[in-house]
Amino acid sequence: MKALGLLALAAALGGCGAAPFDYHAASEIKQGPGAFTGNDGAFVFRPGQAKPAAASSEAEEFERWKRSAEGSAEYREFQDWREWREWKQRNAR
Amino acid sequence: MPNRIAVISAAVGAALLALSGQAYAQATGIEVRLSGQVNRAIMHVDDGEDSNQFFVDNINSSTRFRLSATAPLTPGLRLGAIFEPEFPSNPSNAVSMATRDIAAEFNERHMDVFLEGGFGKVSLGQGDGAANGATEVDLSGTAVANWAGASLIGGGFGFRGDAGVFLGPTIGGSISNQDFESRYDRVRYDTPKFGGFSLAGSLGSSGSQDVRELALWYTGDLGGLGRLAAALGFSNQDAPVGGTEDEVVGGSVSWLHGSGLNLTLSHSQREFGGRDRDFLYAKLGYKFGRHAISLDWGKGEDQAAAGVESDMIGLGYVWAPVAWADIYAAVKRHSLDVSGAEDISLFMVGTRVKF
C-alpha cells in the first residue's frame, strides 16, 4: 500500500503537465561516449552500407556542386567566355 | 533479334537495379553496436571480529559487454536483438571472510530479440521481467556507489555474535530490496508512453516455475520542479513441489530538483514461505557539476527470520570526470536486530569505465 502511495505521488505530480523523458537505469551500461569508442559510445557496424554510402556521397557531392557557384549557369558562361578569349588570342597571331 | 536482346537486357538491368535499390534500402538500416564496461573496486570489510580487503567487481553495475543489432523491417517497425553477458570476478555480493576469491564466469543478462513500433515493444528471450528494477528507480547519480540494492555490496558477509561465532543471517539474507524476479526467459510487452506512463507485462519461467509480472512506469520532466521517475510492480512465481508461491509488490520514486537536491524512496513487500518480508529505503542526495553525494538508509523486516530486523546506513560519492568514467566511494554500516550481533562496516572505492 505504501508503494501505491509512491505512485499516487508520482501521478499527482505528473498531472502538472510534465513531459516524459527517457529514464536510464543506473545499473545498465552508461549512455554517451566510451573510452575507446568515442562519441558513438560503441563500436558501430553498418553491414552492406559501404558501397551505397559511396554512391550516396557522390550524389551529395553532385548536389553540392550544382548549388555552388561553380555549378551555376553564370559560372559556365564565364568559363565559355574565358575559353573564347584564349581561342581569340591564339588565332590573332 | 538484336532488338529483342537489347530489350531483354534492359529489362533485366532495370530489374537488377530495382532489386539492388531495395537491398540497399534494407541494408542501410542495419546497425550493429558493441559496447561494454569494467567496474572494479577495493572493498574493506570489518565484521566486528575480523577485517580484510577484497578486490571485487561491483555488482551494482557489473563488468559486462553488449552486442546489439537493430534494423527496420518496414517504415515504423524495427526488429532487434541484444546479447549481453556479465563477467564478474569476485562479485561484491558474494565474497565473504571465508571466500575472498571467486573465479569469473559468464552469466547471462540479456539474450533477447524484440520488435518495436507504434504499438509498443514485444521482447522474447532472456531479459528483464516487466517489473525488474521497479524498486530501484534512482536519479541521484550515486547509484553505482549506493542504492536500493543494498545487499549487492557485501551481501555475502555474515553477522557474528559477541563470541565471534556466525549467527547465520548474512547481509544479503536480511536486507534484500526484493526486486521481483529479475531477469528470466519470458515474453514481455511494453505499451507506448501515455503522458509519461507506460505499462509492462511479462510471462515466463524462472527456477523451473511459471512467473508473471506487471509494472507501471512513469517519468516526468516537471520544469522548474525538476524530474520525477517512479515505478510500481507486481510479480508472482508458482510454488515448487512442497513449497509456497512467491509474490512481491513494490515500487520506488525518485525526484531530482533542478538545484541538484534529490530524494529517492523505495518499498517492497514479499509474501513467501509463510512470511511477509518488508523492505524500506530512503536516500537524500545532492548533485553538483560532475559530483554527486548521497546519504541513504534501509531496513529489512522479517527477511532473515520472523521478527528479525536489519538496518543499513550509508554514504556514497561519485565523481564523473569524463562522460565514460565514474570514480566512486561508499561507506556503510549494517546492523542486525539480534542480541549480541556485531555491526558490519564496509568501505569501498572503485571506478566504472565504459568502453
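Helices here are DSSP runs of H or I with at least four residues, and strands are DSSP runs of E with at least two, numbered from the N terminus. With that in hand, hello everyone, and let me walk you through this one. Read from the N terminus, chain A goes α-β-α-α, which comes to 3 helices and 1 strand. Please keep in mind that what we are looking at is a predicted model.

Let me introduce the two chains. Chain A has 93 residues, and 13% of them are buried. Chain B has 355 residues, with 44% counted as buried. Its secondary structure consists of 2 helices and 19 strands. For a feel of its dimensions, the C-alpha trace of chain B spans about 105 × 50 × 45 Å along its principal axes. If you like contact maps, here is a number for you: among contacts in chain B with a separation of 6 or more, 59% are between residues 24 or more positions apart.

Now to the interface. How many residues of each chain are in contact with the other chain? On chain B there are 46, and they meet 36 residues of chain A. Several elements of chain B give two or more residues to that side, among them α1 (2–28), β11 (209–221) and β19 (344–354). The element that gives the most is β1(B), with 7 residues. By character, the chain B side splits into 22 nonpolar, 15 polar and 9 charged residues.

Let's stay with β1(B), which covers residues 31–46. Across the interface, β1(B) pairs with strand β1 of chain A, residues 43–45, in the antiparallel sense over 3 bridges. To find the spot on your screen, look for A:Phe45, which stands opposite B:Val32.

Within chain B, β1(B) also runs antiparallel to β3(B), residues 64–74, and 7 bridges join the two. One pair to look at there is B:Ser35 with its bridge partner B:Arg66. Moving along, β3(B) is joined by 8 bridges to β4(B), residues 77–86, and that pairing is antiparallel too. Here B:Leu67 has B:Phe83 as its bridge partner. These two strands, β3(B) and β4(B), form a hairpin with 2 residues between them. For the backbone enthusiasts, B:Gly76 in that turn has a positive phi of about 90°.

Next, a residue I would like you to click on: A:Gly41. It sits in the loop between α1 (2–14) and β1 of chain A. Is A:Gly41 buried or exposed? The cut-off for buried is 20 or more other C-beta atoms within 10 Å. A:Gly41 counts as buried because it has 20 C-beta neighbours inside 10 Å.

Who does A:Gly41 touch, leaving out residues up to four places away in sequence? In chain A, the partners are A:Gln31, A:Gly32, A:Pro33 and A:Gly34, and from chain B there is B:Ser35. We met B:Ser35 a moment ago, as the bridge partner of B:Arg66. As for A:Gln31, 10 residues separate it from A:Gly41 in sequence, and the C-alpha to C-alpha distance is 7.2 Å.

Last stop, the largest nonpolar core, which holds 55 residues. Which of them touch the most other members? Those are B:Met43, B:Ala215, B:Ala230 and B:Ala231. The largest share of this core comes from β12(B), with 6 residues. And β12(B), residues 227–237, is also one of the elements giving two or more residues to the side of chain B that touches chain A.

That's my tour, thanks for listening!

Methods. Residues numbered from 1 in each chain as written. Chains lettered and ligands numbered in written order. Predicted model: local features only at pLDDT ≥ 70, side-chain atom pairs only at ≥ 80, totals over all residues. Contact = placed C-beta atoms within 7 Å. Nonpolar A, V, L, I, M, F, W, Y, C, P; charged D, E, K, R; others polar. Pairing = 2+ DSSP bridges. Buried ≥ 20, exposed ≤ 12 C-beta atoms within 10 Å, placed from the backbone. Core = buried A, V, L, I, M, F, W, Y, C linked by C-beta atoms within 7 Å.
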